[in-house]
Amino acid sequence: MSEAQALVERYRGANEQGSSQNEQIRADVLRSSAPDWSHFSTSAYAAALSTLDVSASAEKKKAAFEAKPSLVEGVLAAANVTEENSPGRWAMTAVCDMLREDSSCFGIFDDALHKGVSLYKPLLKAATAANADQYVADKAAWLLTAIMGNVPFFFTTDEAVDLVKSLQSGSSLSDLGKLEAIVNLMKTDQFRAAVWKVPGVSEVITTVSAQGAPPFLYKCVFAMWLLSFEDGSNVSLPIETLVGKIRQILAVSRVEKVIRLSLTVLKNYLTKKAFAVEVVEQGLLEIVQQLEYEKWRDTELYDDIRELASQISLRVTDMSSFERYEKELNEGTLKWGFIHSSKFWADNVLKFEQNDFRALKLLVGLLGSGDPTTLAVACHDIGEFVTCHPLGKKQVANMNVKDRVMLLMGSTNPDHREVRREALLCCQKIMLNKWQDLDTIPK
């Protein structure tokens, strides 16, 4: 079992939550009597289906399947009954509840597949039929993808991809039902990358509203967590987008299970260099630290918050190095981030004296960049150098920086709004004898 599959078990209880409407239907099914199986297209399996008790424990249901192997085919037939909803709802509730209570029951379907029982087509039909009951369609989609995720060697990657496309276009499925099915397939290493590449999948997960319905939001975060186990060799991940979405969720949502899983996602992201850089650049440290001042029912959540904040702090320290700043200068492209903060300049400004102010010369050279962000950051950083270095004003004067910055102040390029602002601030710092003198300027 892979690390991702092992950790899935930890979150099994929380991530199987459905919509309130489906939960109400489930409650009604559990109180209802079994359908008369002989009156439907299930009549051939009536004897086997009559042994299945929807409210029984997983252990008793498993025993019923073991005693009557044809019960698997009976359940598939019940899922496709169209005369009325009760047979499909009853059968799907019984089986899905059994699997959620005891994952060892997937062995029932493993045995059926070994015997040549076709599961894919009957369950796909139940999930995507135009006239299907939404509850049955959602359950059938969940059941099929859960089986594929637990015994993937019976299915191909092409089947998984085709299934996702069929579910996406299915008119009977709820949005949550589609998402749950997609996430089920992503739980296994065999299908994860291929499913993520299916058009529309990444958009649903990365554009979810942080204020959305908790079950849907949780599933999206769960998918992001599963993606954290990908090493990038099989699929290109939108790192900036994923980290940005987690940041937004932590800042807005106060659903404990969503926050707890989001913290776990970040913890995994920190083990990957590219993700860790983005976590620091997007200021996740402050967002996580703020969570400690919220009121949580689960006291262990405070420990998780403090632990993660400590780990991010270590990354912040690592990333505030002068070497990383020089690397960005050598690449010729600057972007806003921690290494352009006041703290970085206070800690590293004297290092700019190295090699006859080589880094400063490279920075000044970027005032000729064609990239608006690079120009804005360069103006900002030159202003910080003037502010923090005891001879900062003299050094930039020797390089005739002021005239070049003033040209940027007067730029008429519509994309240079931020450039003009940063150039103005930079000029103010250059022209003052002491940066602290700004406090004496009349408001």
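**Exercise 1. A lysine and a tyrosine ring**

In this predicted model, find Lys257 and work out where it lies relative to the ring of Tyr218.

*Solution.* Start at the ring centre of Tyr218: Lys257 lies over the face of this ring, at 4.9 Å from the centre. Next, look at how much of the tyrosine is accessible. Tyr218 has a relative accessible area of 2%, under the 20% cut-off, so it is buried.

**Exercise 2. Classify a ring pair**

Decide which kind of aromatic pair Tyr218 and Phe222 form.

*Solution.* First, place the two residues. Both belong to helix H15, which covers residues 214-227. They are four residues apart, or about one turn of the helix. Then take the geometry: the ring centres are 6.3 Å apart, and the planes meet at 25°. Pairing needs centres within 6.5 Å, and planes under 30 degrees apart count as stacked, so this pair is stacked. Finally, check the accessibility of the partner: Phe222 is at 0% and therefore counts as buried.

**Exercise 3. Carry on along the helix**

Phe222 also pairs with Trp225; determine how this pair is classed and how the two residues are spaced in helix H15.

*Solution.* The centre-to-centre value is 5.2 Å and the angle between the planes is 55°. An angle that is neither under 30 nor over 60 degrees makes a pair tilted, and tilted is the class of Phe222 and Trp225. As for spacing, the two are separated by about one helical turn, because they are three residues apart in helix H15. Trp225 has 0% relative accessibility, so it counts as buried. One more partner is worth a look here: Lys219 lies over the face of Phe222, 5.7 Å from the ring centre.

**Exercise 4. Widen the search**

How many aromatic pairs does the whole structure contain, and which residues make up the cluster that includes Trp345?

*Solution.* A search of the whole structure gives 16 aromatic pairs. For the cluster, gather Phe322, Tyr325, Phe344, Trp345, Phe352, Phe357 and Phe385, which together form one aromatic cluster.

**Exercise 5. Contacts of a serine**

Is Ser262 buried or exposed, and which residues does it touch beyond four places in sequence?

*Solution.* Begin with the location: Ser262 sits in helix H17, residues 256-269. Its relative accessibility is 0%, so Ser262 counts as buried. Now set aside residues up to four places away in sequence; Ser262 then touches Val221, Ile246, Ile249 and Leu250.

Key. Residues are numbered from 1 along each chain as its sequence is written. This is a predicted model: local features need pLDDT of at least 70, side-chain atom pairs count only at pLDDT 80 or more; totals for chains, interfaces and linings use all residues. Side-chain values use heavy atoms; hydrogens and water are left out. Buried means under 20% relative accessible area, exposed over 50%, partly exposed in between (1.4 Å probe, protein chains only). Contact means heavy atoms within 4.5 Å. Rings of Phe, Tyr and Trp (its six-membered ring) pair if their centres lie within 6.5 Å; planes under 30 degrees apart count as stacked, over 60 as edge-to-face and the rest as tilted. A charge sits over a ring if NZ of Lys or CZ of Arg is within 6 Å of the ring centre and within 35 degrees of the ring normal.
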